[in-house]
Amino acid sequence: MIKWEHSIFALPFALTGAMLAANGVPRPMQIIWIIVCMVSARSAAMAFNRWADASLDAENPRTRMRSIPAGLLSRGFVGGFTLAMAAVFVLASAQLNQLTLLMSPLVLAVIFSYSYTKRFTRWSHLVLGLALGIAPAGAWIAVRGSLDPRILILTLAVMFWVAGFDLLYACQDAAHDRAHDLFSVPATWGIAAAFWIARLLHVAMLVLLLWLVRAFALGPFALAGVGVVAVLLLYEHLIVSPGDMRRLNAAFFTMNGVISIVFFGFVAIDLLRRHSALIRL
C-alpha cells in the first residue's frame, strides 16, 4: 500500500530547505527527525488517501487492485495505520521545536484534505502540490524555529512542479472521472489542455527556482542545478504526449524522483562550498 520510494518526491526538497535554513549542514538530530517527519507524514497521507478513496478505487479499472478494493487490507487496518503514522509525525515534530509541534496538526489537515478535493474542484492537483510543497518550509521551521518568507519561494516551486506532473498522471483517468462526476483538469478541459497547463506550471517552477537562487545569493552550482532540472523537465515532456502516454510511469516516477535529488545535490554542493569558505576566513 505504501511505496517508500514515494518519499523521494518531497524529501530532497525538505533537505534543501533544511540546508538553506542552516546555511550549511543542520545538526544530525535535526536531520534525523526531519526524515522521520517526512516518511511518517507521507505514509499517513498515502494510507488516508487509500482509505478515503477505497470506493472510488474499486470503480476504476486502473486502481481496483489497490489494497483495500482488492481485499488485501481492511479499511480498519488502513485507518489504524493512518492514525499511527500521524502520531509518529506529531511526536517527531515535538522533538524539533515548539513551532513544528504547533504546526503539525495544520500539516496533517492539508495532506489529508487532498483526498477529498477531487470530489468538488478540478484544481486538486494544486492541493496535492501544496501538500508536498510545505515540506521545505516545514524543514526550515524545524531548523530555525521560525519562518522566513524566502523559503516560500521553494514551497511555490514544489507546488507547481507536483501539480504539473499530477496533471499528466491524471490524464489516465480523464474518461473515468467524467463518467463518475469526479473533477480534474483533464476531465474538465481535455488531455491536450492538461498537457499545456502542465508545461506552464513547470515553466513557472523554473522561474521560481531562479528566484530562489537570487533570494539566497546562491552560486553557480545552484544555478547549474536549475539548468539540469530544466533539461530533465524537457525530457519528461518529450517522452509523453496527448497521443502517446505509454511512458507516463517513467515520466511520473523515475524522472521526478531524479529531479528532486538532482536539485538538492547541486544546492547542497553550493552551500557546502560557501560554508567551507566562511570557515577558512
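## Helices and the model

Helices here are DSSP runs of H or I that hold at least four residues, and they are numbered from the N terminus. With that in hand, F89 can be placed in helix α4. Please keep in mind that this is a predicted model.

## F89 and F81, two phenylalanines of α4

Let's begin with F89, since its surroundings bring two other parts of the chain into view. Is F89 buried or exposed? Its relative accessibility is 7%, so F89 counts as buried. Setting aside residues up to four places away in sequence, F89 touches C37, S40 and A41, and also S104, V107 and L108. A further landmark is L101: it lies twelve residues from F89 along the chain, and the two C-alpha atoms are separated by 9.3 Å.

F81 is also found in helix α4, which covers residues 75–94. Which residues does F81 contact, once neighbours within four places in sequence are left aside? They are M1, I2, S43 and A47. F48 is 33 residues away from F81 along the chain, with 8.7 Å between their C-alpha atoms.

## Where α2 meets α6

Helix α2 spans residues 28–52 and helix α6 spans residues 124–144; their axes come within 11 Å and cross at roughly 150°. Angles over 145 degrees count as roughly antiparallel, and α2 and α6 are therefore roughly antiparallel to each other. The crossing of α2 past α6 is right-handed. On the α2 side the contact is made by Q30, I34, M38 and R42, while α6 brings L132, A135, A139, A142 and V143. Sorted by class, this contact of α2 with α6 has seven nonpolar residues, one polar and one charged.

I31 is another residue of helix α2. With a relative accessible area of 25%, I31 is partly exposed. Not counting neighbours within four places in sequence, I31 is in contact with L15, V25 and P26. How far apart in space are I31 and V143, C-alpha to C-alpha? The distance is 8.8 Å, for two residues that are 112 apart in sequence.

## Where α5 meets α6

Helix α6 also packs with helix α5, which runs over residues 98–117: the axes come within 9 Å and cross at roughly 165°. That angle makes α5 roughly antiparallel to α6. Is the crossing of α5 and α6 left-handed or right-handed? It is left-handed.

The residues of α5 that take part are L99, T100, V107, V110, I111, S113, Y114 and T117. They meet S124, V127, L128, L130, A131, I134, G138, I141 and A142 of α6. By class, the contact of α5 with α6 has twelve nonpolar and five polar residues, and no charged ones. Two names here have come up before: V107 is among the residues touched by F89, and A142 also takes part in the contact of α6 with α2.

## Where α1 meets α7

Nearer the start of the numbering, helix α1 (residues 11–22) packs with helix α7 (residues 151–170) at an angle of about 170°, with the axes 11 Å apart. The two helices, α1 and α7, are therefore roughly antiparallel to each other. From α1 come F13, T16, G17 and L20, and from α7 come I151, L154, V158 and W161. The class count for α1 with α7 is six nonpolar, two polar and no charged residues.

## Cysteines

How many disulfides does the structure hold? The number is zero. C37, one of the residues touched by F89, counts as buried at 8% relative accessibility. C171 counts as buried too, at 3% relative accessibility.

## Two loop residues with positive phi

D181 is not a glycine, yet it has a positive phi of about 55°. Where is D181 placed? It lies in the loop between α8 (174–179) and α9 (185–189). The relative accessible area of D181 is 62%, so D181 is exposed.

A217 is another residue other than glycine with a positive phi, here near 50°. The loop that holds A217 lies between α10 (191–215) and α11 (220–238). A217 is exposed, because exposed means over 50% relative accessible area and A217 has 55%.

Methods. Residues numbered from 1 in each chain as written. Predicted model: local features only at pLDDT ≥ 70, side-chain atom pairs only at ≥ 80, totals over all residues. Heavy atoms only, no water. Axes fitted to C-alpha atoms, helices over the stretch in contact; angles between N-to-C directions. Parallel < 35°, antiparallel > 145°, perpendicular 65-115°, else oblique. Left-handed = near helix turned anticlockwise from the far one by under 90°. Contact = heavy atoms within 4.5 Å. Nonpolar A, V, L, I, M, F, W, Y, C, P; charged D, E, K, R; others polar. Disulfide = S-S within 2.5 Å. Buried < 20%, exposed > 50% of the residue type's maximum accessible area, 1.4 Å probe, protein only.
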